[in-house]
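Got your viewer open? Keep the selection box handy, and we'll walk through the model one stop at a time.

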Amino acid sequence: MVRKGDAMEELICRPDEEREYFTEERCFILESWNDPRDPHVSIARARVEPGVTTRWHRLAGVTERYCILAGRGRVEIGDLPPRDVLPGDVAVIPPLARQRIANTGPEDLVFLCVCSPRFLPELYEDLGDDGLTDASGG
């Protein structure tokens, strides 16, 4: 549901598969839900091809969850040791925690990215392949 004035409006949304795009992060993204009328959450499907590791990045002011749907991967979050992930797993990434994920299987790694509040491009910071940054964000 989304706000329409003071009332909520029911809505069913089906993403257009043809709107999937490739990012500099090295994964494909299909936004399922990212609407200014619903500022509390956004949902996107990410797809990482076999053998690919995404670039280190972080989000300012946004908690992100990776909900693994298909494939196998290894996720790295902040200073935690790398963890293998399988369908059904959820990785929770706090605001400003560096993150990346690698596809360790023979098929595409597919997962939902659930962000709260909703993802906005200006909140994204690419940290490069080494993932190093200082405390001030530079």
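Is E20 buried, partly exposed or exposed? Select E20 and see: with a relative accessible area of 22%, E20 is partly exposed. Here buried means under 20% relative accessible area and exposed means over 50%, with partly exposed in between (1.4 Å probe, protein chains only).

Some ground rules before moving on. Residues are numbered from 1 along each chain as its sequence is written, and side-chain values use heavy atoms, with hydrogens and water left out. This is a predicted model, where local features need pLDDT of at least 70 and side-chain atom pairs count only at pLDDT 80 or more, while totals for chains, interfaces and linings use all residues.

**Stop 1: the whole thing**

Switch to cartoon view. You'll find zero helices and 13 strands. For the labels, helices (H or I, at least four residues) and strands (E, at least two) are DSSP runs, numbered from the N terminus. Of the 138 residues in the protein, 38% are buried. The protein exposes about 8200 Å², and carbon and sulfur atoms supply 53% of that; areas come from the Shrake-Rupley method with a 1.4 Å probe, and for residues, only the protein chains shown count as cover.

**Stop 2: the open sheet**

Colour these strands in order: β3-β4-β5-β12-β7-β10 make an open sheet of six strands with antiparallel pairing. Two strands pair if DSSP finds at least two bridges between them. At the edges sit β3 and β10, each pairing on one side only. Strands of a sheet pair through backbone hydrogen bonds, either parallel or antiparallel. Now zoom in on β5 and β12 (residues 109–116): seven bridges join this antiparallel pair. Select R45 and you'll see L112 of β12 standing opposite.

**Stop 3: charged partners**

Stay on R45 and show its side chain. Together with E20, R45 makes a salt bridge (3.1 Å, N to O). R45 lies in strand β5 (residues 42–48) and E20 in the loop between β2 (7–9) and β3 (21–22), so the pair ties together parts that are 25 residues apart in sequence. A salt bridge is a side-chain nitrogen of Lys or Arg within 4 Å of a carboxyl oxygen of Asp or Glu. Unlike partly exposed E20, R45 counts as buried, at 18% relative accessibility. Add E17, R47 and D108 to the selection: with E20 and R45 they are linked in a network of salt bridges. The structure holds 11 salt bridges.

Next, pick R55 and D129. Their closest N and O atoms are 3.7 Å apart, in another salt bridge. R55 is in the loop between β5 and β6 and D129 in the segment after β13 (124–128), so this pair ties together parts that are 74 residues apart in sequence. D129 is partly exposed, at 46% relative accessibility.

**Stop 4: β8 and β11**

Try E76 and R100: here the salt bridge has its closest N and O atoms 2.7 Å apart. E76 lies in strand β8 (residues 73–77) and R100 in strand β11 (residues 99–103), so the pair ties together parts that are 24 residues apart in sequence. Both E76 and R100 are buried. The two strands, β8 and β11, pair in the antiparallel sense over five bridges, with G73 opposite N103 in β11.

Why is β11 described as largely enclosed by the rest of the structure? Because five of the five residues of β11 are buried. Look along the strand: Q99, I101 and N103 point one way from β11, and R100 and A102 the other way.

**Stop 5: the nonpolar core**

Select Y66, I68, V75, I101 and F111. They have the most contacts inside the largest nonpolar core, which has 17 residues. A nonpolar core is a set of buried Ala, Val, Leu, Ile, Met, Phe, Trp, Tyr and Cys residues joined through side-chain atoms within 4.5 Å. The elements giving two or more residues to this core are β5, β7 (63–70), β8, β10 and β12.

**Stop 6: H57**

Finish in strand β6 (residues 56–59), where H57 lies. H57 is buried, with a relative accessible area of 3%. Its side chain makes a polar contact with the side chain of E25 (3.5 Å). A polar contact is a pair of N or O atoms within 3.5 Å; within protein, one must be able to donate a hydrogen and the other to accept it, and residues adjacent in sequence count only if both atoms are side-chain atoms.
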